[in-house]
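I opened this structure at the bench computer and kept notes as I went. The entries below follow the order in which I looked things up.

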Amino acid sequence: MFEGFSSNKRRKVDNTESKEENKPWVEKYRPKNLDEVTAQDHAVNVLKKTLKSADLPHMLFYGPPGTGKTSTILALTKELFGPELTKSRVLELNASDERGISIVREKVKNFARLTVSKPSKNDLEKYPCPPFKIIILDEADSMTADAQSALRRTMETYSSVTRFCLICNYITRIIDPLASRCSKFRFKSLDESNAMDRLQYVAKQESVICEDGALEKILIVSSGDLRKAITLLQSSSKLRNYTGTDKVTSKQVEELAGRVPNDILGELVEKIASKDLDAIIAYVNNFAKSGWSGVSVISQLHDYYIMSDNFDTAFKNRISLILFDTDAKLTNGTNEHLQLLNLVVQISNI
Ligand SMILES: Nc1ncnc2c1ncn2[C@@H]1O[C@H](COP(=O)(O)OP(=O)(O)OP(=O)(O)O)[C@@H](O)[C@H]1O
Ligand SMILES: [Mg+2]
């Protein structure tokens, strides 16, 4: 009887351990404290000061995806309160939770008005435990304007016991009166050297060996989004297991990211330059069958033409307009094949 119990227990523990192992790398390597957040020096330095002085304004974090906004606030709350007290002092709501006006009126307001729970002696010794709670409204740009309006009074009324942290990608979608109540922290796209350090760290921890230039390729493809970069590294390393090669190569990375390989893009550009309509149509028909995403073709053609010194400004202007127009049409859900053909023919006619 006793043995059965203990073996049962052991199985449970094994399960949680393997769960930890199987976590996606983005979660496994989510910064656990503020020091691990790379590149966002401004935000991190200011927030570190609050760890010492224990006063915190309402905050608004904004910036592109995968730059560390959610990670930063989670790391801050952990460092402020420790794992135990966090449960009673922090309310986190994100886009997966209903955050319409009724929730703001009830759940948020009720939590905001609560008096702060007392920290245990143990927590007090280890963490600053400032005398307020924190409400994190992640992905706040998806909240309706009404729900945001309803927050205005709540933020002011309970500011003695509650601080708000709003997080969004697009600051323009936060109504002005809310934005003006908060200290704003801009999270910038990670530049290559910072992101590279973190990516190399993850690759080393997971013993992934990469060919020269493969990590650089991952960073180019993910354009400043570290989440995308780490995910791509994980998928590339999985692919490596299947193909039996021992290194992650740039080609695999491109393949996984759905980017058109340079030689194929080169062929497309050559066909455009030839201005031979029949050849262009035949090539695009074939090209479309390979299933490249139209948006990625546009962005790569953009890089090719606009970044090159071989074309004059007037030509680049016209190309930009055509690319912009096609991009807008694709976003509206038009037929990719037709748009691609139209795009290529228009460029060849310039
Ligand atoms: N500055 C950073 N330092 C270290 N790791 C980072 C950083 N930014 C992103 N990451 C990695 O990317 C993952 C996602 O980051 P996070 O959730 O903080 O992004 P976010 O800015 O909140 O993005 P979104 O706007 O899409 O919610 C983290 O788990 C972490 O692995
Ligand atoms: Mg986030």
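**Entry 1: a helix residue**

I began with Ala112, which I found in helix H5. The model is a predicted one, and I kept that in mind throughout. I asked whether Ala112 is buried or exposed. It counts as buried, because I find 21 C-beta neighbours inside 10 Å and the cut-off for burial is 20 or more. Leaving aside neighbours within four places in sequence, I list Ile135, Thr154, Tyr158 and Thr162 as the contacts of Ala112. I also took the distance from Ala112 to Thr157, which is 45 residues away along the chain, and the two C-alpha atoms are separated by 9.1 Å.

**Entry 2: the chain and its confidence**

I then stepped back to the protein chain, which has 17 helices and 5 strands, and whose C-alpha atoms fill a box of roughly 80 × 60 × 35 Å along the principal axes. Of its 350 residues, 30% count as buried. Among contacts between residues at least 6 apart in sequence, I note that 78% join residues at least 24 apart.

The mean pLDDT of the chain is 87, with 93% of the residues reaching 70 or more. Where is confidence lowest, and where is it highest? The lowest is in helix H1 (residues 2–22), with a mean of 49, and the highest is in S1, at 95. Over residues 1–17 the pLDDT stays under 50, and for this stretch the model has 0 contacts beyond four places in sequence.

**Entry 3: the nonpolar cores**

I looked next at the largest nonpolar core, which has 39 residues, and in which Phe61, Ile136, Leu137, Cys165, Leu166 and Ile167 have the most contacts. The elements that each supply at least two residues of this core include helix H3 (41–53), helix H5 (101–113) and helix H7 (145–157), and also strand S1 (59–62), strand S3 (133–137) and strand S4 (162–168). H4 gives the most to this core, with 6 residues.

For Leu137 I wrote down what it touches, not counting residues up to four places away in sequence: Leu93, Arg99, Phe164, Leu166 and Ile167. Apart from this core lies another, of 19 residues, and among them I noted Val202, Ala214, Leu215 and Ile218. As background, in soluble globular proteins nonpolar side chains tend to be buried together.

**Entry 4: domains and ligand 1**

The domain assignment gives domain 1 (31–186), domain 2 (192–257) and domain 3 (262–349). The C-alpha centres of domain 1 and domain 2 lie 32 Å apart, and 6 residues of domain 1 are in contact with 8 residues of domain 2. On the side of domain 1 that touches domain 2, I count 3 nonpolar residues, 3 polar and no charged.

Which residues are closest to ligand 1? Of the 22 residues that surround the ligand, the closest are Arg30, Pro65, Gly68, Thr70 and Ser71. The shell around ligand 1 divides into 9 nonpolar, 8 polar and 5 charged residues. Helix H2 (25–28), H4 and helix H11 (226–243) each supply at least two residues of this shell, and domain 1 and domain 2 each supply at least three.

**Entry 5: positive phi angles**

Most residues other than glycine have a negative phi, so I checked some exceptions.

Ser223, which follows H10, has a positive phi near 30°, and it lies in the loop between helix H10 (214–222) and H11. I enter Ser223 as partly exposed, because it has 14 C-beta neighbours inside 10 Å. Its C-alpha is 7.7 Å from that of Ser189, although the two are 34 residues apart in sequence. In H10 itself, the buried residues are Ala214, Leu215, Lys217, Ile218, Leu219 and Ser222.

Glu139 is not a glycine, yet its phi is positive, at about 50°; I place it in the loop between S3 and H7. It is partly exposed, since 18 other C-beta atoms lie within 10 Å.

Lys275, again not a glycine, has a positive phi of about 55° and lies in the loop between helix H13 (262–274) and helix H14 (277–289). With 13 C-beta neighbours inside 10 Å, Lys275 is also entered as partly exposed.

Technical notes:
Residues numbered from 1 in each chain as written. Chains lettered and ligands numbered in written order. Core = buried A, V, L, I, M, F, W, Y, C linked by C-beta atoms within 7 Å. Buried ≥ 20, exposed ≤ 12 C-beta atoms within 10 Å, placed from the backbone. Helix = DSSP H or I, 4+ residues; strand = E, 2+ residues; numbered from the N terminus. Contact = placed C-beta atoms within 7 Å. Near = placed C-beta within 6 Å. Nonpolar A, V, L, I, M, F, W, Y, C, P; charged D, E, K, R; others polar. Domains from an automatic or database assignment. pLDDT = per-residue confidence, 0-100.
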